[in-house]
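Please look over the model below before reading on; the paragraphs that follow go through its side-chain pairs and then its overall architecture.

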Amino acid sequence: MVSSQQSSRLGDLLIAKGLLSQEQLANAIASQKSLSDGNDRVLLGEVLIRLGYVNREQLNIGLDWQTKLRRTTVALALCAPVMFFCNN
């Protein structure tokens, strides 16, 4: 579930976009854990595709949104001190 502060986790973004349910995400995370072998983690997106919950295009939409959200967050974090000093 996406909180009042936008989450940049892929599963939360796919839920927010209506491409995935909370139950599907929980199932995919459980599958990811069982498929992962020690240091070799299976990517959540690949698990979602294997389970048929999303297709490659839907995954790419979520990944693109995740990248944009994270870049915006970094940009705002870098600009915040400058904006603070300019307003004082």
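A residue counts as buried when its relative accessible area is under 20%, as exposed when that area is over 50%, and as partly exposed in between. The structure to which these terms are applied here is a predicted model. R56, with a relative accessibility of 42%, is therefore classed as partly exposed, and E46, at 30% relative accessibility, is likewise partly exposed because its value falls in between the two limits.

These residues form a pair, for the side chains of R56 and E46 meet in a salt bridge with an N to O distance of 3.0 Å. Because R56 belongs to helix α4 (residues 56–87) and E46 to helix α3 (residues 44–50), the salt bridge ties together parts of the chain that are 10 residues apart in sequence.

In total, the structure holds two salt bridges, and another pairing joins the side chains of R9 and D12, at 2.8 Å from N to O. Here the partners fall into separate classes of accessibility: R9 is exposed, with a relative accessibility of 55%, whereas D12 is buried, with a value of 3%.

As for the architecture around these pairs, the protein chain contains four helices and zero strands, which gives the pattern α-α-α-α when read along the sequence. Of the 88 residues in the protein chain, 24% are buried, and the accessible surface of the chain amounts to about 6400 Å², with 56% of that area belonging to carbon and sulfur atoms. Among the contacts in the protein chain with a separation of 6 or more, 47% come from residues 24 or more positions apart.

Definitions and conventions
Residues are numbered from 1 along each chain as its sequence is written. This is a predicted model: local features need pLDDT of at least 70, side-chain atom pairs count only at pLDDT 80 or more; totals for chains, interfaces and linings use all residues. Side-chain values use heavy atoms; hydrogens and water are left out. A salt bridge is a side-chain nitrogen of Lys or Arg within 4 Å of a carboxyl oxygen of Asp or Glu. Buried means under 20% relative accessible area, exposed over 50%, partly exposed in between (1.4 Å probe, protein chains only). Helices (H or I, at least four residues) and strands (E, at least two) are DSSP runs, numbered from the N terminus. Contact means heavy atoms within 4.5 Å. Accessible areas come from the Shrake-Rupley method with a 1.4 Å probe; for residues, only the protein chains shown count as cover.
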